[in-house]
Amino acid sequence: MNSEKSTQLLSPAHHFSVLLSPTPRGARLARLLATDWMRDRDLPHRVAEAAEHLVAELAANAATHGRLPGRDFRLVLLARDAILRIEVTDTRVDDLPHRRPPTPDAESGRGLLLVEALTDRWGVQPGPVPRKTVWAELDLPSV
């Protein structure tokens, strides 16, 4: 008899999860896979477009700031209860994201401003060590 706990997964129609390398190529693949998944779900264009930008930003942050040699990041997409939730988990709990006002000539530092502007809600959930998950939610219009 198997005494391990089992977890019931959500239907693939409502859930997507993938591990990706913390590289620019992995971040690009995250955006492309998310775009395909959302297209298959027939999400409203406005939501899908915002989600593409969010996945690109959060995956780029994981590949840039959350990168540790030999450790991947995870992209999760959930569509349920009239919400699209995007989660990106990396292995740098010691480097929590925070908004910094960018200087006009800075080449970076605007990503979380973009996340804040595009989402209905977002946040960071530490753990389990050594991981952190940055999540963003978009409300889906009622039909």
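What does the accessible surface of the protein chain come to, and what percentage of that surface belongs to carbon and sulfur atoms? In this predicted model, the accessible surface comes to about 9,100 Å², and 52% of that belongs to carbon and sulfur atoms. With that in mind, here are the views.

**View 1. The protein chain holds three helices and five strands.** Follow the sequence and you will meet these elements in the pattern β-α-α-β-β-α-β-β. The protein chain has 143 residues, of which 36% count as buried. Among its contacts with a separation of 6 or more, 64% are between residues 24 or more positions apart.

**View 2. Helix H2 runs over residues 45-64.** Here is a small check to try on the structure. The 20 residues of this helix should span 28 Å at 1.5 Å a residue, and the end C-alpha atoms of H2 are 28 Å apart, so the two values agree. Now look for the buried residues of H2, which include Val-47, Leu-54, Val-55 and Leu-58. Several alanines of H2 are buried as well, among them Ala-48, Ala-50 and Ala-51, and so is Glu-57. What covers the buried residues of H2? The cover includes two helices, H1 (24-41) and H3 (111-118). It also includes strands S2 (73-80), S3 (83-90) and S5 (132-139).

**View 3. Ile-86 is found in strand S3.** This residue counts as buried because its relative accessible area is 0%, where the cut-off is under 20%. Leaving aside neighbours within four places in sequence, Ile-86 is in contact with Ala-51, Leu-54, Val-55 and Leu-58, among others. Those four are also listed among the buried residues of H2. Further contacts of Ile-86 include Leu-75, Val-76 and Leu-77, as well as Val-134, Trp-135 and Ala-136. Ala-34 makes a good landmark here: it lies 52 residues from Ile-86 along the chain, and the C-alpha atoms of the two are separated by 9.4 Å.

**View 4. Glu-87 also has its place in strand S3.** Is Glu-87 buried or exposed? Glu-87 is buried, because its relative accessible area is 17% and the cut-off is under 20%. Look next at its side chain, which a polar contact of 2.7 Å joins to the side chain of Arg-85. Apart from neighbours within four places in sequence, Glu-87 is in contact with Arg-74, Leu-75, Val-76 and Leu-78. Thr-133, Val-134 and Trp-135 are in contact with Glu-87 too.

Terms used. Residues are numbered from 1 along each chain as its sequence is written. This is a predicted model: local features need pLDDT of at least 70, side-chain atom pairs count only at pLDDT 80 or more; totals for chains, interfaces and linings use all residues. Side-chain values use heavy atoms; hydrogens and water are left out. The expected span of a helix is 1.5 Å times one less than its number of residues. Buried means under 20% relative accessible area, exposed over 50%, partly exposed in between (1.4 Å probe, protein chains only). Contact means heavy atoms within 4.5 Å. A polar contact is a pair of N or O atoms within 3.5 Å; within protein, one must be able to donate a hydrogen and the other to accept it, and residues adjacent in sequence count only if both atoms are side-chain atoms. Accessible areas come from the Shrake-Rupley method with a 1.4 Å probe; for residues, only the protein chains shown count as cover.
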